[in-house]
Amino acid sequence: MLYSPFNVTLRPAPDGPTTAPDHTAMTNLQQQHEGEQLKGELRATRARLKSILDDSADGILVLDRENRILHWNKGAERIFGSTADDVVDTSFDTFVPDDLKQKGELAEIAERVERDGFLADYETRRVAKDGRVLIVNITSTLLRDGSGQAVGRSSIVRDVTESKKIHEELLRTRHLASIGEMAATVAHEIRNPLAGISGAIQVIRDGLDDEDPRRNVVREMLEHVSRLDDTVRDMLLLSKPWQPVRQACVLGDVVEKILADMRAHPEFDNVRFSCEGDGGHDARIDPLLLEQVMMNLFQNAADAMGWRGEITCRLDGDDRKVSIEVLDHGSGCSDEVRGKLFDPFFTTKVHGTGLGLAVCKSIMDSHRGEIEIEAEAGRGTTVKLSFPKGE
Ligand SMILES: Nc1ncnc2c1ncn2[C@@H]1O[C@H](COP(=O)(O)OP(=O)(O)OP(=O)(O)O)[C@@H](O)[C@H]1O
Ligand SMILES: [Mg+2]
């Protein structure tokens, strides 16, 4: 249904018997012809307007003063997922989230439009048919009938959910970049005094008898200093772009070699490593950096399983890329945690620095590769590394 505030009625010129002389008949004929032409033009204009309204990529809808939907174009169908047949003559309320409904948002919008004649660039939330929450930008204009009486409003609705997300991501990245810069400067300044402290503690330790109980305290101090040094090293590594030295290798061979190193590592004494899938693919990877990535992933996986259980590496590839999946059956994580896994300093561990996955991400970026994590609370985690083959 196309709502129009105007009523145009076209009537063909009356025909039938006439007593007018010939030239009047000619004029009538001419008028009739012009009338037909006008009618055609109006029909074309109307079709053009209808097509603009109906086919616009933006949602265009018309609501009456009670928020009943009078018109709903294809753009609105695409944004909200409901067809005009479904919604015309129903209340627009269905698309308003509950909290905004309670606040009486639609009445407030109607009031502002009636007061000012329009409402421009109003950003709000709406709910699509499938329950997705959308962020939309709305511009509404007051509609009046022929006597100037307000009869409702027309609205142009734009779905800005994605662009909003990208914008927020950009702000977050900028924010993180500035924190990163500051952290790198601080890390640099901390490293030298830290080395001094460590040296001094070692001198004290060397002056103590083997039986001296203070040796334990000194050992603990050295462990803390060493942990601090690891954190500072990771922060510095993160602040510089990696320069991978890629080597041609067979995927399975390079992974097996890393696994052999891990099996020999005392911290993984109670962890079994297995490798499956198709490891025969050629790859171009920096083996030392890959080992660093996998070491971080194995530590996380072992941590999530209480340092006992099985970690599986699944290998695969095609013409374009090779992939390594690292699977564990540990704690997994909630949706909220999953959204922050790659943020520097994000950790849920008492002694974690939250830099492990951030370092993995930056190493994968330097290989033009990807790292993706699938995890569900209580159901384990799968981390997938993909490397392009050609580079
Ligand atoms: N395999 C996994 N299973 C469950 N949670 C994980 C897993 N891997 C990472 N996480 C979650 O992601 C967080 C960030 O991991 P990340 O490796 O970046 O830092 P961290 O392990 O906390 O500290 P560290 O810098 O010592 O590695 C972890 O604290 C943990 O909550
Ligand atoms: Mg970690």
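This text walks through a sheet and two nonpolar cores in a predicted model.

Start with the sheet. It is open and has five strands, in the order β2-β1-β5-β4-β3. The pairing is antiparallel. Two strands, β2 (69-72) and β3 (118-127), stand at the edges. Each has a single partner strand, so one side of each is left without a neighbour in the sheet. From one strand to the next, the twist averages 25 degrees.

Now look at β4 and β5. Strand β4 covers residues 133-144 and strand β5 covers residues 150-159. They run antiparallel, and nine bridges join them. Within this pair, L143 of the model stands opposite G152 in β5. A helix packs on the sheet as well: α5, residues 105-116. Helix α5 touches β3, β4 and β5. Its direction makes about 170 degrees with that of β3.

Turn next to the largest nonpolar core, which has 38 residues. Which of them touch the most other members? They are V293, L297, V326 and C360. Several elements give two or more residues to this core, among them α7 (214-239), α8 (251-263), β10 (321-328) and α11 (356-366). Helix α9 (287-304) is also on that list, and α9 gives the most, with nine residues. The core draws at least three residues from each of domain 3 (164-239) and domain 4 (247-388).

L297 shows how parts of the chain meet. Leaving aside neighbours within four places in sequence, L297 is in contact with V326, C360 and V383.

A second core is separate and has 16 residues. Its members include I60, W72, V87 and L143. L143 is the residue that stands opposite G152 in β5.

How values were computed:
Residues are numbered from 1 along each chain as its sequence is written. Chains are lettered from A and ligands numbered from 1 in the order in which they are written. This is a predicted model: local features need pLDDT of at least 70, side-chain atom pairs count only at pLDDT 80 or more; totals for chains, interfaces and linings use all residues. Two strands pair if DSSP finds at least two bridges between them. Helices (H or I, at least four residues) and strands (E, at least two) are DSSP runs, numbered from the N terminus. Axes are lines fitted to C-alpha atoms, for helices over the stretch in contact, and angles run from 0 to 180 degrees between N-to-C directions. Two residues are in contact if their C-beta atoms, placed from the backbone, lie within 7 Å. A nonpolar core is a set of buried Ala, Val, Leu, Ile, Met, Phe, Trp, Tyr and Cys residues joined through C-beta atoms within 7 Å. A residue is buried if 20 or more other C-beta atoms lie within 10 Å of its own, exposed if 12 or fewer, and partly exposed in between; C-beta atoms are placed from the backbone. Domain bounds come from an automatic or database domain assignment.
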